[in-house]
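Subject: Structure handover

Hello,

Here is the structure you are taking over. My notes on it follow below.

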Amino acid sequence: MCGIIGYVGKEQASPILIDGLKKLEYRGYDSSGIAVLDNGVISTVKSVGKIAALEAKTAGKAPSGTIGIGHTRWATHGKPSEINSHPHSSHDGRFAIVHNGIIENYAEIKAELTGLGYTFKSETDSETIAHLIQHLYCGDMVKTLTMLIKRLKGAYAVAILGTDSPNTLYAIRKDNPLIVGIGNNENFITSDITAALSRTHDFVRLNDGEIAMVSADEAKFFNSDGRPIKKTPAHYDIDARAAEKDGYDHFMLKEIYEQPHAIDMAVRTRIKNKLVHLDNVKFDKAYLEGLTKIDIVGCGSAYHAGIVGKTFIEKLCRIPVDCILASEYIYSDPIVDERTLTVVISQSGETADTVAALRLAKKLGSRTLAIVNVVNSTIAVDADDVLYTYAGPEIAVATTKGYTTQVGVLYLIGLEMARILGTVTEKRYAEIAGRLEQLHDKVAETLNNTTVNLAKKYADKYADKHCIFFIGRGADYAASLEAALKLKEISYIHAESYAAGELKHGTISLIEKSTLTIALTTQSALYHKMESNIKAVKAREGDVLAVASRTNSKINYCVDGMITIPECDDDLSPVLTAVVLQLFAYYVAKKRGCDIDKPRNLAKSVTVE
């Protein structure tokens, strides 16, 4: 949700800032801007729309200077416009800031500063920060920022450029990610390491309340009281090409095809000698037997991964599992204590609602286990235990490998807990472990030319639909939730998923001639039930596209089209159906001419509530 890049070094800042913004565009793309300091003057350029518009505006006339800040925006306060775009300048022009997050007490501060003669140009809460810095400035920027931190309420990551410090950038953060990149005679401030990966692999993560003072030669850090603190850079061994399209038309397609490797890293590497190893996460039988329930908390696709995990864990472990939307969790007065295990899921590890849910669960006495992709992210650091998905950078807004690796890790958790509890036989444990070891191969098999061509064929056929329904039972219903979300996210087609048995309880009234229903049919024990539901749709002249296991491919006789997945354990089929329906959604969106990687109104990492 918005992206920040700051540069200080020996080279011209403008092209480096714009390049960084391109890599951050998935975090916000309704407007962007840069501010560069040179000879005591801050020059600012802003543009509405994507980074290409800013790049065109600065072509041949980019601000000169070797220090600057940039921002790509996803609007929260104020509509997309040049005035509302970042960077924002102070009343006297001596300071410029970029900000991610929400300042909850901005109206109060704005009223105070307006009374003192400060003039506001934008509708944003962020502009308040620039004016407040001017008001508080005492000649010592670190001391000024300690006062600023005490005044601001809400969530923020802020990078600051000032004319009194012509060779130094400053930054503060609270509940929003901000990282300092340590380079060679150059340093960076960014909200995501992908923005600077092409120039450095060494980064320092700011914690809440910390201050960074960054010049070309060094980075210094202070706590909220202004006392110096020591922080050691972490080395991120990530190929910078991971944040490039690498020949694919879209990041989403590239990331779909990266899933075999991602699942290999997340799942197969944790199975050794047919036994699951959950890194440093340890469960003992007494603890697990004492649990009254497991809560799985997440937003969007992470929540859907949790529903797949619930189906699997309850089946194997016989422990009640609740899946709760993180945005609802903190307001629901949850019934949680030390006998609850809370599993929080977030690709970025910075999702604001999920961070808040995690902290509340800990406060209520629950042990917390995080499933995240980004190493040393807020959720990873705050949770009692963490399992990384190791999916690598995911640039497309609509998650693909992030989701399937989350599901894979949940399978590992459920299987290992069942072994400890003794609720799974040795034979079944070995069987599932063996099939999890092969899951990455099954995903690779799913991505064969036949499946891809069928996904394209049916996408072309049905891309003009205004509404598409998904139905399934058991694990298929859990999988259908994510399939519907993926389609609506990137194609803007209204898509809904229903438990197939619920059709007759009202929703079948929506079926009419040529309405498309996608029927997930991979659960062999439920085949005849699904067959009945499909026939009910066909009786109302609806079209049905089945996604079926090979065992259940006999359903072909009563549907209008079918894509089969490789044979696998029914309990693990949601990963393979996800891949098929990611392809379908991708090609539907492509046929409709949608902006697949950057769908309207959406941003990758939702770091504000």
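Strand β23 (residues 467-472) and strand β25 (residues 516-521) run parallel and are joined by four bridges. One residue pair to look up is Phe 469 and its bridge partner in β25, Thr 517. Please keep in mind that this is a predicted model.

These two strands belong to an open sheet of five strands with parallel pairing, in the order β24-β23-β25-β26-β27. Which strands stand at the edges? They are β24 (494-499) and β27 (561-565). Each of them has a single partner strand, so one side of each has no neighbour in the sheet. From one strand to the next, the twist averages 20°. As background, the strands of a sheet pair through backbone hydrogen bonds, and the pairing is either parallel or antiparallel.

Two helices can be placed against this sheet. Helix α16 (residues 449-462) lies across β23, β25, β26 (543-549) and β27, and runs at about 150° to β27. Helix α17 also packs on the sheet, where it touches β23, β24 and β25. The direction of α17 makes about 175° with that of β24.

There is another open sheet of five strands, with parallel pairing and the order β19-β18-β20-β21-β22. Its edges are β19 (321-325) and β22 (385-388). Each has a single partner strand, so one side of β19 and one side of β22 are left without a neighbour in the sheet. Neighbouring strands here are turned by 20° against each other on average, direction ignored.

Within this sheet, β18 (residues 293-298) pairs with β20 (residues 340-346) in the parallel sense over five bridges. Ile 296 stands opposite Val 343 in β20. Helix α13 (residues 401-421) packs on the sheet and touches β18, β20, β21 (367-372) and β22. The direction of α13 makes about 140° with that of β21. Helix α9 lies across β18, β19 and β20, running at about 175° to β19.

Helices α9 and α17 come up again in the cavities. How many cavities of 30 Å³ or more does a search of the whole structure find? The search finds four. The second largest cavity holds about 40 Å³ of space. Its lining consists of Val 308, Thr 311, Phe 312, Ala 475, Ala 478, Asp 571 and Pro 574. Both α9 (301-317) and α17 (475-491) supply at least two residues of that lining. The most comes from α9, which gives three residues. Sorted by class, the lining of the second largest cavity has five nonpolar residues, one polar and one charged.

Some antiparallel pairing is found elsewhere in the chain. Strand β12 (residues 211-214) runs antiparallel to β13 (residues 219-222), and four bridges join them. Met 213 has Lys 220 in β13 as its bridge partner. The two strands, β12 and β13, form a hairpin with four residues between them. Strand β13 is also joined by two bridges to β14 (residues 228-229), again in an antiparallel run. Here the bridge partner of Phe 222 is Pro 228 in β14. The hairpin of β13 and β14 has five residues between the strands, and in this hairpin Gly 226 takes a positive phi near 90°.

Two backbone details in loops are also listed. Where is the cis peptide bond that joins His 86 and Pro 87, with omega of about 0°? Pro 87 lies in the loop between β4 (67-73) and β5 (88-89). The other detail is Asn 185, which has a positive phi of about 60° although it is not a glycine. Asn 185 is found in the loop between β9 (179-182) and β10 (187-190).

Last, the chain as a whole. Its secondary structure comes to 19 helices and 27 strands. The radius of gyration of the chain is 25 Å, close to the 25 Å that the globule rule gives for 609 residues, so the chain is as compact as a globular protein of that length. Along its principal axes, the C-alpha trace spans about 75 × 55 × 45 Å.

Regards

Key:
Residues numbered from 1 in each chain as written. Predicted model: local features only at pLDDT ≥ 70, side-chain atom pairs only at ≥ 80, totals over all residues. Heavy atoms only, no water. 1 Å grid on protein atoms, 1.4 Å probe; cavity = no way out; pocket = protein on both sides within 12 Å on 5 of 7 lines; lining within 4 Å. Points joined across faces, edges and corners; volume = space filled by probe spheres on them. Nonpolar A, V, L, I, M, F, W, Y, C, P; charged D, E, K, R; others polar. Pairing = 2+ DSSP bridges. Axes fitted to C-alpha atoms, helices over the stretch in contact; angles between N-to-C directions. Contact = heavy atoms within 4.5 Å. Rg over C-alpha atoms; globule rule 2.2 N^0.38 Å.
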